[in-house]
Amino acid sequence: MEKKKIILDYDPGIDDALALMLALSSPELHICGITTVCGNVPAELGADNVLRVLQFMNRPDIPVYCGAEKPLVRRYISAQDTHGEDGLGESGIPPAEGVSWHSGAVDFILDTLCQTEALTIVALGPLTNLALALRKKQNAFQNLGRLVSMGGNFRSYGNCSPVAEYNYWCDPDAAGEVFANLGKPIHMVGLDVTRKIVLTPNILEYMHVLNPHTADFIRKITRFYCDFHWKQEKMIGCVINDPLAVAYTVDPDICHGFDAYTAVETGGLCMGQSVVDSMNFWHRDPNSHVLTQTDPLAFMTMFVSRVFRKESASVRTVLAKIMAGGAVS
Ligand code: BDR
Ligand code: CA
């Protein structure tokens with residue numbers, strides 16, 4: 001099987017950590033490298049966190065590059081209220097030993113684009129590194145296979161303002177530039193689909209039955225995130241946005257949507273809003289593929305069976321009962 005070559009560009013982050021676990025457990029993917037950007041946490045702390053997760057997953061071989069420490073224009077506002085001061089839910093996951101990250105995320109992205117046919121970039125944080133890379137060498141992106149971006153929203157409400165999703169809100173200028181200048185449709189895995197992906201206490205219990213060691217890691221990092229969801233929206237469990245973008249990279253059938261022109265509002269009341277021209281008012285060629293539908297059971301089956309290395313059909317049977325709210329016998 002020919003593997004899809006990817007760069008993960010992101011800001012770990014609790015759901016980002018889960019996204020990396022899924023990517024590392026997916027034989028269809030070859031991770032060329034991981035780049036970090038300021039978002040949930042500062043980029044350097046994000047890079048430390050990538051190394052922590054790689055250590056847990058026993059994959060210290062994957063190179064990690066640290067990128068932009070501030071948005072293009074706006075003041076940087078992290079999401080440490082959501083992800084904890086350490087970005088991993090104040091879980092005390094030990095620092096990685098014997099490995100370190102490099103600086104130069106933007107150059108790593110450009111070099112990898114130049115050397116790789118049809119590279120997929122999976123962006124799970126603000127788009128600052130990609131905007132800087134585009135500014136520096138736009139023609140390197142001719143080699144890009146696909147950009148999958150967890151960010152934005154179409155019909156769904158925002159998660160850090162009434163209308164804006166965090167990744168685009170954190171650096172709206174970068175998001176705007178990438179949508180305007182990439183030259184290829186961005187696959188926008190936004191809140192319309194990711195909101196449907198909820199990690200519940202019952203699913204965590206099931207994970208514990210499958211493998212206590214891996215489940216404890218996930219429990220530790222998600223506890224803080226679950227508490228935040230309860231305080232914020234009275235939800236039991238937590239929405240795990242980023243792994244859905246990885247699942248979509250592995251299997252594009254897991255989400256469906258439509259093509260449209262999208263712009264990002266860079267200031268004012270609606271700052272960070274992804275404005276999707278679904279009715280074609282602007283008569284512009286589509287620059288985005290906006291995902292609006294997903295199958296949460298298919299996603300959860302992919303996540304659990306892969307990360308816990310269990311046979312998919314039996315995992316699906318159990319998850320179907322759990323997700324329907326029934327008892328498992
Ligand atoms: C996005 O913002 C971050 O908090 C998450 O990691 C995800 O990438 C959701 O809006
Ligand atoms: Ca993220």
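**Figure 1. Calcium site of the predicted model****.** Residue D16 has a relative accessible area of 0% and is therefore buried. This aspartate appears twice, each time through OD, among the protein donors of the calcium ion (ligand 2). The other donors are D11 (OD), L124 (O) and D242 (OD), and the distances to the ion run from 2.2 to 3.0 Å. Along the chain, the donors are spaced as D-x4-D-x107-L-x117-D. D11 has a relative accessibility of 1%, which is under the 20% limit, so D11 also counts as buried.

**Figure 2. Helix α1, which contains D16****.** Helix α1 spans residues 14-24. It is mostly covered, with eleven of its eleven residues buried. Besides D16, the buried residues include I14, D15, A17, L18 and A19. Further along the helix, L20, M21, L22, A23 and L24 are buried as well.

**Figure 3. The largest nonpolar core and the surroundings of L20****.** In soluble globular proteins, nonpolar side chains tend to be buried together. Here the largest nonpolar core holds 71 residues, and L8, L20, M207 and F299 are those touching the most other members. Helix α1 gives this core its largest share, nine residues. A second core, separate from this one, has 34 residues, among them I7, A174, V178 and V290. When residues up to four places away in sequence are not counted, L20 touches L8, Y10, I31, I34, V50, V53 and L54.

**Figure 4. The largest pocket and its lining****.** The space in the largest pocket amounts to about 490 Å³. Thirty residues line this pocket, and those nearest its centre are T82, N159, C160, Y166 and F228. By class, the lining comprises twelve nonpolar, ten polar and eight charged residues. At least two lining residues come from each of the helices α1 (14-24), α3 (80-83), α6 (166-170) and α10 (212-233). The largest share, five residues, is supplied by α10.

**Figure 5. Helix α5 and the elements that cover it****.** Helix α5 consists of residues 128-136. Its buried residues are T128, N129, L130, A131, A133 and L134. The strands among the elements covering these buried residues include β1 (4-10), β2 (29-36), β5 (119-123) and β6 (144-150). Helices α4 (105-115) and α7 (172-181) also take part in this cover.

**Figure 6. Surroundings of H208 in helix α9****.** Residue H208 belongs to helix α9, which runs over residues 201-210. Its relative accessible area of 26% means that H208 is partly exposed. Leaving aside residues up to four places away in sequence, H208 touches A215, D216 and R219. I218 is ten residues from H208 along the chain, and the C-alpha atoms of the two are 9.5 Å apart.

**Figure 7. T266 in the loop between β10 and β11****.** The loop that holds T266 joins strand β10 (255-264) to strand β11 (274-277). With a relative accessibility of 37%, T266 counts as partly exposed. The residues that T266 touches, not counting those up to four places away in sequence, are P172, D173 and M271. K4 and T266 are 262 residues apart in sequence, and 33 Å separates their C-alpha atoms.

Terms used:
Residues numbered from 1 in each chain as written. Chains lettered and ligands numbered in written order. Predicted model: local features only at pLDDT ≥ 70, side-chain atom pairs only at ≥ 80, totals over all residues. Heavy atoms only, no water. Donors = N, O, S within 2.8 Å, 3.2 Å for Na, K, Ca; no water. Buried < 20%, exposed > 50% of the residue type's maximum accessible area, 1.4 Å probe, protein only. 1 Å grid on protein atoms, 1.4 Å probe; cavity = no way out; pocket = protein on both sides within 12 Å on 5 of 7 lines; lining within 4 Å. Points joined across faces, edges and corners; volume = space filled by probe spheres on them. Helix = DSSP H or I, 4+ residues; strand = E, 2+ residues; numbered from the N terminus. Nonpolar A, V, L, I, M, F, W, Y, C, P; charged D, E, K, R; others polar. Core = buried A, V, L, I, M, F, W, Y, C linked by side-chain atoms within 4.5 Å. Contact = heavy atoms within 4.5 Å.
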